[in-house]
Amino acid sequence: MVARNVTRVLGIMVRSIFREFLVHFLHRRPISIYTFVILCNWLIDFGQALNPPAYVEFRKEAEMKNKLLENALIPELLKEPPKHAAEFTFPSGAKADFGNKIPPQQVSGAPRHVTFKCEPDELFAILLTDFDAPSRSDPHKREWVHWAVGNCEANEHVDGVQIIAPPMFPINPQRGTGFHRYVFYVYKQPNNTRIEFLEGFTNTTEFGRSNYDVKKFAKTYKLGDIYAINFFLSEWTP
(Lines give C-alpha, C1' and ligand atoms only; values in the text may rest on other atoms or scores of the structure.)
Protein backbone atom coordinates (compact mmCIF):
# COMPACT_ATOMS: atom_id res chain seq x y z
CA MET A 1 0.00 0.00 0.00
CA VAL A 2 2.78 2.43 0.87
CA ALA A 3 4.58 1.69 -2.39
CA ARG A 4 1.39 2.30 -4.39
CA ASN A 5 0.78 5.62 -2.63
CA VAL A 6 4.33 6.80 -3.31
CA THR A 7 4.02 5.84 -6.97
CA ARG A 8 0.75 7.74 -7.28
CA VAL A 9 2.18 10.87 -5.66
CA LEU A 10 5.26 10.74 -7.88
CA GLY A 11 3.06 10.43 -10.94
CA ILE A 12 1.07 13.51 -9.96
CA MET A 13 4.24 15.51 -9.32
CA VAL A 14 5.85 14.55 -12.63
CA ARG A 15 2.70 15.38 -14.60
CA SER A 16 2.42 18.76 -12.87
CA ILE A 17 6.03 19.67 -13.60
CA PHE A 18 5.70 18.59 -17.24
CA ARG A 19 2.49 20.58 -17.66
CA GLU A 20 4.08 23.76 -16.29
CA PHE A 21 7.07 23.52 -18.59
CA LEU A 22 4.87 22.67 -21.58
CA VAL A 23 2.65 25.72 -21.04
CA HIS A 24 5.62 28.06 -20.87
CA PHE A 25 7.32 26.47 -23.86
CA LEU A 26 4.23 26.62 -26.13
CA HIS A 27 3.42 30.19 -25.22
CA ARG A 28 7.05 31.35 -25.26
CA ARG A 29 6.51 32.95 -21.88
CA PRO A 30 9.35 33.50 -19.43
CA ILE A 31 9.05 31.53 -16.20
CA SER A 32 8.35 33.78 -13.24
CA ILE A 33 10.45 33.57 -10.11
CA TYR A 34 7.40 32.26 -8.23
CA THR A 35 6.84 29.48 -10.76
CA PHE A 36 10.56 28.70 -10.78
CA VAL A 37 10.59 28.32 -6.98
CA ILE A 38 7.54 26.04 -7.10
CA LEU A 39 9.17 23.88 -9.77
CA CYS A 40 12.38 23.66 -7.74
CA ASN A 41 10.42 22.58 -4.66
CA TRP A 42 8.64 19.94 -6.72
CA LEU A 43 11.96 18.64 -7.99
CA ILE A 44 13.35 18.51 -4.44
CA ASP A 45 10.27 16.63 -3.22
CA PHE A 46 10.58 14.31 -6.20
CA GLY A 47 14.19 13.51 -5.33
CA GLN A 48 13.36 12.92 -1.67
CA ALA A 49 10.51 10.60 -2.61
CA LEU A 50 12.83 8.60 -4.82
CA ASN A 51 15.53 8.53 -2.14
CA PRO A 52 13.85 8.63 1.28
CA PRO A 53 16.18 9.03 4.26
CA ALA A 54 17.41 5.77 5.72
CA TYR A 55 15.65 4.63 8.90
CA VAL A 56 17.87 5.18 11.92
CA GLU A 57 17.59 2.60 14.70
CA PHE A 58 16.69 4.45 17.90
CA ARG A 59 18.62 1.86 19.91
CA LYS A 60 21.80 0.18 18.73
CA GLU A 61 22.28 -3.55 19.13
CA ALA A 62 24.86 -3.08 21.90
CA GLU A 63 22.48 -0.80 23.80
CA MET A 64 19.67 -3.33 23.46
CA LYS A 65 21.89 -6.12 24.72
CA ASN A 66 22.97 -4.13 27.78
CA LYS A 67 19.36 -3.34 28.71
CA LEU A 68 18.20 -6.92 28.12
CA LEU A 69 21.05 -8.21 30.30
CA GLU A 70 20.41 -5.60 32.96
CA ASN A 71 16.78 -6.73 33.23
CA ALA A 72 17.61 -10.46 32.90
CA LEU A 73 15.64 -10.93 29.67
CA ILE A 74 18.95 -12.30 28.53
CA PRO A 75 19.07 -15.19 29.35
CA GLU A 76 15.47 -15.70 30.58
CA LEU A 77 13.94 -14.87 27.19
CA LEU A 78 16.77 -14.53 24.68
CA LYS A 79 20.33 -15.65 24.14
CA GLU A 80 21.17 -12.64 21.99
CA PRO A 81 19.21 -9.48 21.11
CA PRO A 82 17.39 -9.26 17.76
CA LYS A 83 18.84 -6.96 15.13
CA HIS A 84 16.18 -4.27 15.42
CA ALA A 85 14.57 -2.08 18.07
CA ALA A 86 10.88 -1.21 17.78
CA GLU A 87 9.36 2.04 19.02
CA PHE A 88 5.95 1.94 20.75
CA THR A 89 3.95 4.95 21.92
CA PHE A 90 0.76 4.57 23.99
CA PRO A 91 -2.28 6.87 23.70
CA SER A 92 -1.09 8.64 26.88
CA GLY A 93 2.14 9.60 25.12
CA ALA A 94 4.22 7.19 27.22
CA LYS A 95 6.88 5.35 25.23
CA ALA A 96 8.45 1.96 25.85
CA ASP A 97 12.22 2.29 25.96
CA PHE A 98 14.06 -0.85 27.02
CA GLY A 99 13.31 -1.03 30.70
CA ASN A 100 12.00 2.44 31.43
CA LYS A 101 9.31 2.64 34.11
CA ILE A 102 5.73 3.49 33.09
CA PRO A 103 2.84 3.70 35.60
CA PRO A 104 -0.09 1.38 34.77
CA GLN A 105 -2.40 4.37 34.38
CA GLN A 106 -0.37 5.47 31.36
CA VAL A 107 -0.81 2.09 29.67
CA SER A 108 -4.57 2.23 29.27
CA GLY A 109 -4.81 1.17 25.63
CA ALA A 110 -3.00 -0.43 22.71
CA PRO A 111 -0.11 1.54 21.19
CA ARG A 112 -1.11 4.22 18.70
CA HIS A 113 2.32 4.66 17.13
CA VAL A 114 4.68 1.86 16.16
CA THR A 115 7.84 2.10 14.06
CA PHE A 116 10.82 -0.09 13.26
CA LYS A 117 13.12 -0.77 10.32
CA CYS A 118 11.27 -2.52 7.49
CA GLU A 119 10.62 -2.55 3.77
CA PRO A 120 7.35 -1.36 2.12
CA ASP A 121 5.97 -4.79 1.19
CA GLU A 122 6.81 -6.62 4.41
CA LEU A 123 4.18 -7.89 6.87
CA PHE A 124 4.54 -8.39 10.61
CA ALA A 125 2.92 -9.85 13.72
CA ILE A 126 3.22 -7.88 16.97
CA LEU A 127 2.49 -8.97 20.55
CA LEU A 128 2.60 -7.39 24.00
CA THR A 129 2.86 -9.71 27.00
CA ASP A 130 3.39 -9.56 30.73
CA PHE A 131 6.53 -11.65 31.18
CA ASP A 132 6.12 -11.69 34.97
CA ALA A 133 2.51 -12.71 35.59
CA PRO A 134 1.51 -12.72 38.35
CA SER A 135 4.92 -11.71 39.76
CA ARG A 136 8.57 -11.88 38.83
CA SER A 137 9.33 -14.07 41.84
CA ASP A 138 6.52 -16.51 40.93
CA PRO A 139 5.70 -16.18 37.20
CA HIS A 140 3.45 -19.24 37.01
CA LYS A 141 1.18 -17.51 34.47
CA ARG A 142 4.03 -16.43 32.17
CA GLU A 143 3.31 -15.03 29.60
CA TRP A 144 0.04 -13.08 29.77
CA VAL A 145 -1.06 -11.61 26.42
CA HIS A 146 -2.39 -8.06 26.52
CA TRP A 147 -2.50 -7.39 22.78
CA ALA A 148 -1.57 -9.06 19.50
CA VAL A 149 -2.02 -8.10 15.85
CA GLY A 150 -0.96 -9.62 12.54
CA ASN A 151 -0.67 -8.80 8.84
CA CYS A 152 0.69 -5.39 9.80
CA GLU A 153 1.88 -3.49 6.75
CA ALA A 154 5.08 -1.49 6.83
CA ASN A 155 4.59 1.88 8.55
CA GLU A 156 0.95 0.98 9.21
CA HIS A 157 1.43 -1.26 12.21
CA VAL A 158 -1.70 -0.28 14.13
CA ASP A 159 -4.62 0.46 11.80
CA GLY A 160 -6.10 -1.93 9.26
CA VAL A 161 -4.54 -5.02 10.80
CA GLN A 162 -5.87 -8.43 11.84
CA ILE A 163 -6.60 -8.50 15.55
CA ILE A 164 -5.16 -11.70 16.99
CA ALA A 165 -5.73 -10.85 20.66
CA PRO A 166 -8.11 -7.93 21.26
CA PRO A 167 -6.48 -5.30 23.50
CA MET A 168 -7.03 -5.92 27.19
CA PHE A 169 -6.03 -2.82 29.14
CA PRO A 170 -5.10 -1.18 31.39
CA ILE A 171 -2.27 -3.39 32.49
CA ASN A 172 -2.80 -4.50 36.06
CA PRO A 173 0.30 -5.54 38.01
CA GLN A 174 -0.98 -6.56 41.42
CA ARG A 175 -0.05 -4.81 44.63
CA GLY A 176 3.09 -6.19 46.26
CA THR A 177 4.32 -8.03 43.15
CA GLY A 178 7.01 -5.48 42.26
CA PHE A 179 7.94 -4.42 38.79
CA HIS A 180 6.73 -6.52 35.88
CA ARG A 181 8.57 -6.73 32.56
CA TYR A 182 6.18 -6.04 29.69
CA VAL A 183 7.64 -7.23 26.39
CA PHE A 184 6.82 -6.17 22.85
CA TYR A 185 7.59 -8.80 20.20
CA VAL A 186 7.78 -8.12 16.47
CA TYR A 187 7.89 -11.07 14.07
CA LYS A 188 8.32 -10.82 10.31
CA GLN A 189 5.81 -12.90 8.35
CA PRO A 190 7.45 -15.21 5.77
CA ASN A 191 7.51 -14.26 2.09
CA ASN A 192 5.49 -11.09 2.76
CA THR A 193 2.33 -13.21 2.75
CA ARG A 194 -0.84 -12.70 4.75
CA ILE A 195 -1.64 -15.28 7.42
CA GLU A 196 -4.94 -16.35 8.90
CA PHE A 197 -4.18 -16.34 12.62
CA LEU A 198 -6.45 -18.67 14.57
CA GLU A 199 -5.67 -18.05 18.22
CA GLY A 200 -9.17 -17.90 19.69
CA PHE A 201 -8.75 -14.86 21.94
CA THR A 202 -11.81 -12.78 22.81
CA ASN A 203 -12.26 -9.29 24.21
CA THR A 204 -14.64 -10.42 26.93
CA THR A 205 -12.68 -13.12 28.77
CA GLU A 206 -9.12 -13.89 29.77
CA PHE A 207 -9.34 -17.34 28.16
CA GLY A 208 -6.04 -18.36 26.59
CA ARG A 209 -4.17 -15.25 27.65
CA SER A 210 -2.19 -16.69 30.55
CA ASN A 211 0.64 -19.20 30.14
CA TYR A 212 0.85 -18.21 26.50
CA ASP A 213 3.78 -19.72 24.62
CA VAL A 214 5.06 -16.99 22.30
CA LYS A 215 7.77 -19.26 20.89
CA LYS A 216 5.14 -21.86 19.99
CA PHE A 217 3.07 -19.13 18.32
CA ALA A 218 6.08 -18.14 16.21
CA LYS A 219 6.77 -21.77 15.31
CA THR A 220 3.13 -22.49 14.39
CA TYR A 221 3.04 -19.68 11.86
CA LYS A 222 6.66 -20.10 10.71
CA LEU A 223 7.62 -16.60 11.85
CA GLY A 224 11.22 -17.41 12.66
CA ASP A 225 13.21 -15.52 15.26
CA ILE A 226 12.17 -12.27 16.89
CA TYR A 227 12.66 -9.48 14.34
CA ALA A 228 12.45 -6.51 16.73
CA ILE A 229 11.83 -6.03 20.42
CA ASN A 230 11.22 -3.51 23.19
CA PHE A 231 10.06 -3.66 26.80
CA PHE A 232 9.13 -1.51 29.76
CA LEU A 233 8.65 -1.96 33.51
CA SER A 234 5.51 -1.27 35.51
CA GLU A 235 4.34 -1.88 39.07
CA TRP A 236 1.15 -1.34 41.06
CA THR A 237 0.46 2.25 42.00
CA PRO A 238 -2.41 3.56 44.15
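**Exercise 1. Which side chain does Asp 132 meet in a salt bridge?**

Solution. Keep in mind as you work that this is a predicted model.

Step 1: Look at the side chain of Asp 132, which forms a salt bridge with that of Arg 142, at 3.3 Å from N to O. That distance fits the rule, since a salt bridge needs a nitrogen of Lys or Arg within 4 Å of a carboxyl oxygen.

Step 2: Place the two residues. Both Asp 132 and Arg 142 sit in the loop between E6 and E7, 10 residues apart.

Step 3: Check the surroundings of Asp 132. Its relative accessibility is 0%, so Asp 132 counts as buried.

Step 4: Widen the view. Through shared partners, salt bridges join Asp 132 and Arg 142 with Glu 76 and Arg 181 in one network.

**Exercise 2. Describe what else Arg 142 does.**

Solution. Step 1: Turn to Glu 76, whose side chain meets that of Arg 142 in a salt bridge of 3.5 Å, N to O. Glu 76 belongs to helix H4 (residues 73–76) and Arg 142 to the loop between E6 and strand E7 (144–153), so this bridge ties together parts that lie 66 residues apart in sequence.

Step 2: Compare with the solvent. Arg 142 has a relative accessible area of 27% and is partly exposed; Glu 76, at 38%, is also partly exposed.

Step 3: Find the ring beneath the charge. Arg 142 lies over the face of Phe 131, 3.9 Å from the ring centre.

**Exercise 3. How many salt bridges does the structure hold, and where do Lys 188 and Glu 122 lie?**

Solution. Step 1: The total is 8 salt bridges. One of them brings together the side chains of Lys 188 and Glu 122, at 3.8 Å from N to O.

Step 2: Lys 188 is in strand E9 (residues 180–188), while Glu 122 is in the loop between strand E5 (113–115) and E6; the pair links distant parts of the chain, 66 residues apart.

Step 3: Sort the two partners by accessibility. Lys 188 is partly exposed at 24%, whereas Glu 122 is buried at 13%.

**Exercise 4. Are the rings of Phe 124 and Tyr 227 stacked or tilted?**

Solution. Step 1: There are 15 aromatic pairs to choose from. In this one, the ring centres are 5.1 Å apart and the planes stand at 55°, so the pair is tilted.

Step 2: Phe 124 comes from strand E6 (residues 123–130) and Tyr 227 from the loop between helix H5 (214–220) and strand E10 (228–234), so the pair ties together parts 103 residues apart in sequence.

Step 3: Both are buried: Phe 124 has 0% relative accessibility and Tyr 227 has 16%.

Step 4: Now try Tyr 185 and Tyr 187. Their centres are 6.3 Å apart and their planes are at 10°, so that pair is stacked. Both of these tyrosines are buried.

Step 5: Look also for a cluster that ring pairs build from Phe 88, Phe 90, Tyr 182, Phe 184 and Phe 232.

**Exercise 5. How many residues does the largest nonpolar core have?**

Solution. Step 1: The largest core has 30 residues, and those with the most contacts inside it include Tyr 185, Tyr 187 and Leu 223. Elements that each give at least two residues to this core include helix H3 (61–70), E9 and H5.

Step 2: Zoom in on Tyr 187, which touches Phe 124, Leu 223 and Tyr 227, among others.

Step 3: Finish with a second, separate core of 28 residues, which includes Tyr 182, Val 186, Ala 228 and Phe 232.

Methods:
Residues are numbered from 1 along each chain as its sequence is written. This is a predicted model: local features need pLDDT of at least 70, side-chain atom pairs count only at pLDDT 80 or more; totals for chains, interfaces and linings use all residues. Side-chain values use heavy atoms; hydrogens and water are left out. Rings of Phe, Tyr and Trp (its six-membered ring) pair if their centres lie within 6.5 Å; planes under 30 degrees apart count as stacked, over 60 as edge-to-face and the rest as tilted. Helices (H or I, at least four residues) and strands (E, at least two) are DSSP runs, numbered from the N terminus. Buried means under 20% relative accessible area, exposed over 50%, partly exposed in between (1.4 Å probe, protein chains only). A charge sits over a ring if NZ of Lys or CZ of Arg is within 6 Å of the ring centre and within 35 degrees of the ring normal. A nonpolar core is a set of buried Ala, Val, Leu, Ile, Met, Phe, Trp, Tyr and Cys residues joined through side-chain atoms within 4.5 Å. Contact means heavy atoms within 4.5 Å. Lists of a residue's contacts leave out its neighbours within four places in sequence.
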